[in-house]
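This report walks through the fold shown below, from its sheets and helices to a few backbone details.

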Amino acid sequence: MVHVGSHETDRPAKEHANTAGSTLIEVAEVNAGYDNQRERTRLIALRDISLKVTQGEFLAIVGPSGCGKTTLINMIAGFVKPLSGVVKVRGVPVDGPGADRAMVFQDYALLPWRTVERNVEFAIENRRGHVPKPERRARIANALQLVGLAGFEKSYPHELSGGMRQRVGIARALVGEPEILLMDEPFGAVDAMTREAMQAELEKIIAETRQTVVFITHSIDEAITLGDRIVVVSSRPGTIREIIDIDLPRPRFDERNDIKRSARFGEIRSHLWKLLSDEALGAKWGSVARQEGETA
């Protein structure tokens with residue numbers, strides 16, 4: 001782990017681990033990429049990634065566009081396999097999606113012909129091991145209550161605001177009672193005020209469910225206010241540039257104590273801004289150099 005203003009000297013740079021509590025997710029020496037069969041080339045998205053996520057932790061991941069953040073979370077979900085290395089959950093290699101993990105997407109991914117409750121039910125209706133109907137109804141009601149959508153069970157997606165649609169997506173992830181929530185910029189499509197309100201709601205939900213969260217965002221403020229740690233990923237091919245402990249008290253969305261006004265918040269934010277600015281510029285000039293090389 002890296003604290004703002006400190007340097008990591010007690011273990012190899014490629015190994016970042018939170019030793020407090022039991023390890024739930026482990027990413028070990030992973031390289032990931034995509035083959036272009038037509039051009040017979042391979043794009044390396046991530047290089048030499050090693051990371052451990054502790055049970056109950058809220059881990060935020062930030063980095064410039066195209067650095068491999070989504071590839072990393074997709075490997076944990078089981079949607080993508082690494083080129084080399086291994087991703088494990090509770091010590092077992094991930095070889096596909098599982099009921100212990102649920103994904104919340106940026107674009108809602110709701111079925112327009114289904115009501116709110118039927119969209120939420122979709123997550124458990126075809127699961128191995130039949131869930132009895134009374135239990136299914138109770139789970140759906142509880143999930144909708146958690147996200148503040150009780151009373152909207154019979155509504156259709158087109159009747160909801162963007163924030164409400166994303167709440168349906170979160171409820172759908174919660175209804176299966178997964179151990180791990182994987183969230184890929186879940187609030188990226190909503191307005192700023194709705195985004196902050198949903199951040200506060202998410203903090204309350206996770207405080208109640210005690211789930212482990214891996215959360216991708218482009219927002220520095222969002223990463224700081226939600227995360228226990230923040231992983232900073234370099235420009236492509238993505239490597240772990242730094243991991244920062246967020247030692248701010250919770251709850252962080254408290255009207256009596258605006259955490260964003262604290263000196264510590266400002267210190268962390270400045271440090272992250274400098275790291276991400278350097279990476280964004282590196283990605284930009286690397287792209288320009290490649291284009292010039294191709295046209296030379």
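## Helix α1 on the four-stranded sheet

Helix α1 spans residues 69–77 and lies across β1 (23–36), β2 and β4. It runs at about 120° to β1. The model is a predicted one.

The sheet beneath this heading is open and has four strands. Their order is β2-β1-β4-β5, and the pairing is antiparallel. β2 (41–54) and β5 (92–93) are the edge strands, each paired on one side only. Strand β4 covers residues 84–89 and is joined to β5 by two bridges, with the two strands antiparallel. Val89 has Val92 in β5 as its bridge partner.

## The six-stranded sheet

A second topic is the open sheet with strand order β6-β7-β8-β3-β9-β10. Six strands form it, and the pairing is mixed. Its edges are β6 (101–104) and β10 (240–245), and each of these pairs on one side only. From one strand to the next, the twist averages 15°.

How many bridges join β6 to β7? There are four, and the strands run parallel. Strand β7 covers residues 180–184. Within β7, Met183 is the bridge partner of Val104.

## Helices across the six strands

Helix α1 appears here again. It lies across β3 (58–62), β6, β7 and β8 (212–216). Its direction is at about 155° to β7.

Helix α4, residues 162–175, lies across β6 and β7. Relative to β6, α4 runs at about 175°. Both β6 and β7 are thus listed under α1 and under α4.

## Cis peptide bonds

Arg236 and Pro237 are joined by a cis peptide bond, with omega about -5°. Pro237 sits in the loop between β9 (229–233) and β10.

Another cis peptide bond links Arg250 to Pro251, with omega about 0°. Where is Pro251? It is in the loop between β10 and β11 (253–254).

## Positive phi outside glycine

Asp48 is not a glycine, yet its phi is positive, at about 55°. The residue lies in strand β2, an edge strand of the four-stranded sheet. Asp48 is partly exposed, with a relative accessible area of 32%.

Arg210 also has a positive phi, near 65°, and is a residue other than glycine. Arg210 is in the loop between α5 (192–209) and β8. Is Arg210 buried or exposed? Arg210 counts as exposed because its relative accessible area is 66%, and the cut-off for exposed is over 50%.

Technical notes
Residues numbered from 1 in each chain as written. Predicted model: local features only at pLDDT ≥ 70, side-chain atom pairs only at ≥ 80, totals over all residues. Heavy atoms only, no water. Pairing = 2+ DSSP bridges. Contact = heavy atoms within 4.5 Å. Axes fitted to C-alpha atoms, helices over the stretch in contact; angles between N-to-C directions. Buried < 20%, exposed > 50% of the residue type's maximum accessible area, 1.4 Å probe, protein only.
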